[in-house]
Each structure stands twice: as structure tokens, then as C-alpha cells.
Amino acid sequence: MKKLITTVCAIAISFSINAQDYTPKSGDWSIGTDATSMLNYVGNLFNSNATAPTVDFAGGAAISGKMFTDDMTAWRATANLGLTSTDDGMGHEESGFNLTVGLGKEFRRGGERLQGYYGYMAHLSIDSETHKEEGMDDVEHSGMGFGASGFIGVEYFVMPKIGLSAEYSHGLSYESHDHAGTETTDLSIGGSTTSLGLNFYF
């Protein structure tokens with residue numbers, strides 16, 4: 001009897017899990033961030049190299065959000081903030097920040113656990129740095145840029161409404177810099193593979 005009850009409960013749980021919606025639906029929102037530090041932590045749990053997940057504002061803390069207009073289409077926005085401040089105690093100080101924001105649209109295809117996606121985005125960036133040396137004039141740097149890119153990626157839903165994603169982007173960017181009064185500009189076309197992302201849908 002106990003075995004029968006256990007079997008029935010296991011089947012019921014299995015059907016309950018399978019019946020859940022893993023992927024986002026029309027009207028859902030999401031928030032996501034870089035998953036590299038968390039995955040490194042999980043991967044090193046069984047050896048002495050495990051360190052707690054971190055948020056790196058020096059390298060840039062990227063946050064993304066999405067709003068689904070239907071089951072397979074979403075508006076998406078990103079914000080990436082970087083902050084630095086160093087003082088070597090010998091009269092040399094450096095401080096700076098950079099901010100990049102983006103807006104675009106995403107289109108999806110696929111099933112209940114694995115989905116591919118593609119789309120386009122535009123972005124705007126600003127940055128500033130100050131170098132201070134005792135007995136010398138401050139050296140300041142500032143810049144701004146904008147661009148547009150297309151992207152393609154894949155997302156696997158490890159749990160209902162929780163997914164791990166990775167994508168490749170390729171596009172055009174323009175940057176203008178002022179370094180201690182000297183102005184430069186840069187126009188580039190290129191692509192990059194982003195780190196893994198962890199996304200929550202609600």
C-alpha cells in the first residue's frame with residue numbers, strides 16, 4: 001500500500017511539474033543579470049576554489065529587463081554601470097565611471113524548455129575618468145558613443161520561468177573621446193559573444 005501511495009504521489013508530482021509553463025508568456029516581465037560568478041561558484045563547490053558570487057562594479061554590472069507583448073515577442077532594455085576608485089596612498093588617485101543603456105526588440109522560436117531568439121538593439125554610452133598626481137595638474141578623460149546591433153542567442157529554462165542564456169551580437173558603433181583636451185573619434189564594426197545570463201520571468 002505504501003509503495004502504491006508513493007508511486008501515485010511521484011506520478012502526480014511529475015505531471016504537476018510537466019504541466020507548468022517554463023517559458024514566458026504574453027504580458028510577462030523579466031529581469032536578468034550576468035551569471036558568470038554564480039556558475040563559477042556552483043562549478044567549484046566540490047573543491048577549495050569556490051568563492052561567493054559577486055557583483056563587479058569595476059568591470060560593469062549589467063542588468064537587463066524585458067516586457068513580452070506576446071508569447072514570442074518582447075521589448076528589451078539593458079543598463080551597464082561601471083565605477084572605479086583607487087588611491088595608492090602615495091599621491092596618485094584615479095576615479096571614473098561608465099554607463100551604457102540600450103533598447104531593442106526580441107523575437108523567439110522554440111519549445112517549452114529550449115528557445116532560440118534574435119533581434120536588434122540601439123545603445124548609448126558615456127564615460128569619464130580623472131587621474132590625480134600630487135604636484136601635477138589633474139588629467140581628465142571623457143567620452144560618449146552610440147551604436148546599433150543585431151543579436152542571436154539561445155535560452156534554456158532550468159526551472160519554470162528561470163532561464164540561462166547566451167548570445168552573440170554584431171553591429172556598428174561610434175565613439176568620441178576627449179583626453180586632456182585632445183579629441184579623437186572611432187567608428188567600428190564588430191561582434192562579441194556575451195557571458196551567460198541568468199533571467200527571471202514573472
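This report describes salt bridges and strand pairing in a predicted model.

**Salt bridges**

Side chains of opposite charge can pair when their charged atoms come close. In this model the count comes to seven salt bridges. The table lists three of them, with the distance between the closest N and O atoms.

| Acidic residue | Basic residue | Closest N and O atoms |
|---|---|---|
| Glu112 | Lys25 | 3.8 Å |
| Glu106 | Arg108 | 2.8 Å |
| Glu155 | Arg108 | 2.5 Å |

Lys25 and Glu112 form a salt bridge. This pair links distant parts of the chain, 87 residues apart. Lys25 is in the loop between α1 (2-19) and β1 (29-34), while Glu112 is in the loop between β4 (92-110) and β5 (114-133). Lys25 has a relative accessibility of 23% and so counts as partly exposed, because it does not fall under the 20% that marks a buried residue. Glu112 is also partly exposed, at 40% relative accessibility.

Arg108 forms a salt bridge with Glu106 and another with Glu155. The pair of Glu155 and Arg108 links distant parts of the chain: Glu155 is in strand β6 (residues 139-159) and Arg108 is in strand β4, 47 residues apart.

Are Glu155 and Arg108 buried or exposed? Both are buried. For Arg108 the relative accessible area is 5%. Glu106 is buried too, because its relative accessible area is 1%, which is under 20%.

These residues also belong to a network of salt bridges, in which Lys66, Arg76, Glu106, Arg108, Glu155 and Glu167 are linked.

**Strand pairing around β6**

Strand β6, which holds Glu155, pairs with β5 in the antiparallel sense over 18 bridges. Within this pairing, Gly116 has Val154 in β6 as its bridge partner. The two strands β5 and β6 form a hairpin with five residues between them. In that turn, Gly135 has a positive phi of about 85°.

Strand β6 also pairs with strand β7 (residues 162-179), again in the antiparallel sense and over 18 bridges. Here Ser142 stands opposite Asp178 in β7. How many residues lie between β6 and β7 in their hairpin? There are two residues between them, and Lys161 in the turn has a positive phi of about 65°.

Strand β6 thus appears in both parts of this report: it pairs with β5 and with β7, and its residue Glu155 links to Arg108 in β4.

Technical notes: Residues numbered from 1 in each chain as written. Predicted model: local features only at pLDDT ≥ 70, side-chain atom pairs only at ≥ 80, totals over all residues. Heavy atoms only, no water. Salt bridge = Lys/Arg side-chain N within 4 Å of Asp/Glu carboxyl O. Helix = DSSP H or I, 4+ residues; strand = E, 2+ residues; numbered from the N terminus. Buried < 20%, exposed > 50% of the residue type's maximum accessible area, 1.4 Å probe, protein only. Pairing = 2+ DSSP bridges.
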